[in-house]
Every structure is written in structure tokens, then in C-alpha cells.
Amino acid sequence: MKINENYTLLQENYLFSEIARKVKSFSEKYPDREVLKMGIGDVTLPLAPAVIEAMRSAVEEMGKAETFRGYGPEQGYMFLRERICNYYRSFGVYVDADEIFVSDGAKSDLGNILDLFDKDNTVLIPDPVYPVYADTNKMAGRKIIYIAATQSNGFLPMPSEKTDADIIYLCSPNNPTGAAYSTEQLKEWVRYARERDAVILYDAAYESFVEEKGIARSIYLVEGAKECAIEFCSFSKTAGFTGLRCGYTVVPFALKRKGVSLRNMWLRRQTTKFNGVSYIVQRGAEAAFSDEGLKQIAKNLLVYRKNAKIICEALRKLGIWYTGGENSPYVWLKCPNFSDSFLFFDELLEKTGVVGTPGGGFGQNGEGFFRLTAFADRKTVQKAMEKFAKVFS
Ligand code: MLT
């Protein structure tokens, strides 16, 4: 028996598990101190009433012999896939319901999709970025090249002709920096991928935060993207499904390599290894994208956007450099007086009880930076920024 030695190359803990561990030991040390959680990007507002209502009736259906449902289609029920198509259409993107795959979330699919690719591919990953991309490829033993996202390129790296890659990860609006590509910028990435026959894995989990015209909500706004890109999205941040679990991945029919359809490969993979998302959750997701549901989730998004504004305003007043917070629930700041973001994390927690995420956890170029999430509840955000003001003014 041989274990997968690639696991020894990983940090001991996944970033957010490590943060949770540190917070737990802080609370054990100071049981009376308040912890203001703005670390993991987890939503705090309850599910929309339309979602609850739909899930309630789905539960009722499951309790009656005439309407009970067993295994569903692995790809997701058509009622939900059609709703997702309508949602895409609302911002000018046309996808076929048979190109959509419903799953338990973008994170799982982002890891699972690697089943389709040979180990012998070179992977291009922006640094800093959501740690799942690098970790899942390290587990598989793939060669990774990092592309620097820095203050000077606005944390939006563009392709370089000198670098070749087979699999390219893009996350926009970006986790952790909040930077978001314009459709024009994505055209460059699509051109670069097509010239190399590379595949872009595009993480659009935060697309619903885009407000600015010209900023892309989907890579499929770019002509030719369906021949080179797979898009991952989720109900987690858009509709508060982090605990409920539902996401969707688009693998277009046009995406083929050596005559083989990646969409058909993914269908084969999912039908073999996945039994679908629960009927009840899919009914909830369908309701989230109904007219009524969309209005209700828009209200929640407004609350998070306002939180982001409160964070940005407080940092601006304190003269702390930051970016993000627009088109994104994340605010990315320069650690005041610290170059080591993990030390800053410890210091901030110790002095204020505020939990953020150290930029270094997202890659080398994230060192010296720190991420705050606007998904916390309003009181937490206000208190946290007051504490910031006390310590840093
Ligand atoms: C984050 O905090 O980066 C995200 O919540 C993690 C995730 O979505 O898995």
C-alpha cells in the first residue's frame, strides 16, 4: 500500500480550518472576550422566504407516496437547470440546460473537475487566490506555475506570451482581493487559452456582487469562451446557501479536445461518482431564482454591499490602503505596521477580537495583506471597524 505522497506537500491544515483552530484557542484562552468574525466568507442573513416556502412544500411532497421522489437526475432536475439558464439570460449569456450541471457547491466541482485532465498538464494559478485551486492540483501532483497578482497590476494579472499553460484558473470577482476583470480583459485570456488549446476554469462564485458596467459576470460574455472555458458558480454567496449546499457548473457542448467532448466526460464522471443534490435543496434553489426569490436575495446582497462600504469608509478614514469592496464582498487591505499577515492576524485578534484572513494564506503575493469579509452581520462589522479605529488611529 502506498499513500498519495503529494499530500505531504500541503500545508498541514486547509487555510480556513487553521483560522478556525486559532479562533477556538483564543476563545478558550479568553472565554469572556467577544470575537468579531470577519474571516471566512460565510453568509449570515437567513434564507429568503421564497426559498423556505419552496423547500417546505418539497418536504411535504417527499412525505406522500404520490409525490415522493427517490434518486434524481445526476445532472440536476430540469426545472432548476432551466431557471439557471434564465438567470444567465438576464445578463446576456445564453447557455443550454444540458450544459448545466447542478452540484453541492463550486468548491467540490472545482476539485472534482480535475478528473478530466491528465496529471501531465501545467496549471496556471494567480497568486494570491482561493487556496482550493493550488491544493487540489498539488494533491494530484500537477506542475503549477503562479502568475503574480500585485498592487501594480490591480491584482488582475493578464496573460504573458512567455508563459505556457494547459489549465488556467481565473476567479472574478476575485477571492481574496475583490478585483474583478472587465469583459475586455477576459477577451485577452480567452485568446491566450484558445491559442494554446488550454482550458480556463472560471470561478464566478461572486458574480452577483458585480454592479459596474463592463465588469464581467460570466466568461461566456466573451465570444469564443465556450470553446475554452468551464464556469463554476454557486448559490452560496448569491442566495445564502453556504449551509444548504447547491452550485452549478457549465461545461459547454463546444468545449472539445482531440474530438472528445469535455461536457460528455463530465457527465460520465458525475453519473458515476455523484448522485445529485437533494430534491428539496433543488426546489429551494429554483425558488431563489424565481422573480420573487430574486427580489428577496437582492435585498440581502444590498445589506452585504452596505457592510463592504462601511469597512471601506473606516479604512479610508484611517488612511489604511485597501482595494475591493466594490463588485465584491471582500475588502483587501494592507496590514498596517506589519509585513507578515499571520502575525498581523494574531495581533489584531489579541488586541481587538476581530478575525480576518491573512493574505499570506492565499499565496506569497498575499503576504502583507489582509482580507475582511462583508458577509458578517451589521453589528459585527460596525463594532469591528470601531475597534480598528481605536487601535490604528
Ligand atoms: C472564503 O472565505 O474564501 C470562502 O468562504 C471559502 C469558500 O467559499 O469555500
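A pocket, as the word is used in these legends, is an open set of grid points with protein on both sides within 12 Å along at least five of seven lines, and its lining residues have an atom within 4 Å of a point. The views below are all taken from a predicted model.

**View 1. The second largest pocket and the residues around its centre.** The second largest pocket is lined by 20 residues, and G41, K107, Y130, Y206 and K237 are the ones that lie nearest its centre. The space in this pocket comes to about 400 Å³. Two helices, α4 (106-112) and α7 (236-239), each supply at least two residues of the lining. By residue class, the lining of the second largest pocket divides into eight nonpolar, six polar and six charged residues.

**View 2. The largest pocket and its lining.** About 490 Å³ of space lies in the largest pocket, and 23 residues line it, with Q11, G360, G361, F362 and G363 nearest its centre. At least two lining residues come from each of α1 (15-29), β3 (122-127) and α5 (132-140). The lining of the largest pocket is made up of 11 nonpolar, seven polar and five charged residues.

**View 3. Strand β3, a contributor to the lining of the largest pocket, and its partner β4.** Six of the six residues of β3 are buried, so this strand is largely enclosed by the rest of the structure. Both faces of β3 are covered, since T122, L124 and P126 on one side are buried, as are V123, I125 and D127 on the other. Strand β3 pairs with β4 (residues 143-148) in the parallel sense over six bridges, and within this pairing V123 stands opposite I144 of β4.

**View 4. The open sheet of seven strands.** In this sheet the strands follow the order β2-β8-β7-β6-β5-β3-β4, and their pairing is mixed. The edge strands are β2 (100-103) and β4, each of which pairs on one side only. From one strand to the next, the twist averages 20°. Inside the sheet, β5 (residues 167-171) and β6 (residues 199-203) run parallel and are joined by five bridges, with Y169 standing opposite L201 in β6.

**View 5. Helices packed on the sheet of seven strands.** Helix α5 packs on this sheet and touches β3, β4, β5 and β6, while its direction makes about 160° with that of β4. Helix α8 (residues 262-273) also packs on the sheet, where it touches β2, β6, β7 (229-234) and β8 (247-250), and its direction makes about 30° with that of β2.

**View 6. The open sheet of four strands and helix α11.** The order of the four strands is β11-β12-β15-β14, and the pairing is antiparallel. Because β11 (322-324) and β14 (357-358) stand at the edges, each with a single partner strand, one side of each is left without a neighbour in the sheet. Strand β14 pairs with β15 (residues 369-373) over two bridges, in the antiparallel sense, and R371 in β15 is the bridge partner of T357. Helix α11 (residues 341-352) packs on this sheet and touches both β14 and β15, its direction making about 50° with that of β15.

How values were computed. Residues are numbered from 1 along each chain as its sequence is written. This is a predicted model: local features need pLDDT of at least 70, side-chain atom pairs count only at pLDDT 80 or more; totals for chains, interfaces and linings use all residues. Side-chain values use heavy atoms; hydrogens and water are left out. On a 1 Å grid over the protein atoms alone, a cavity is a set of points where a 1.4 Å probe fits but cannot get out, and a pocket is an open set with protein on both sides within 12 Å along at least five of seven lines; lining residues have an atom within 4 Å of a point. Grid points are joined across faces, edges and corners, and a volume is the space filled by probe spheres set on the points. Ala, Val, Leu, Ile, Met, Phe, Trp, Tyr, Cys and Pro count as nonpolar, Asp, Glu, Lys and Arg as charged, and the others, Gly among them, as polar. Two strands pair if DSSP finds at least two bridges between them. Contact means heavy atoms within 4.5 Å. Axes are lines fitted to C-alpha atoms, for helices over the stretch in contact, and angles run from 0 to 180 degrees between N-to-C directions. Buried means under 20% relative accessible area, exposed over 50%, partly exposed in between (1.4 Å probe, protein chains only).
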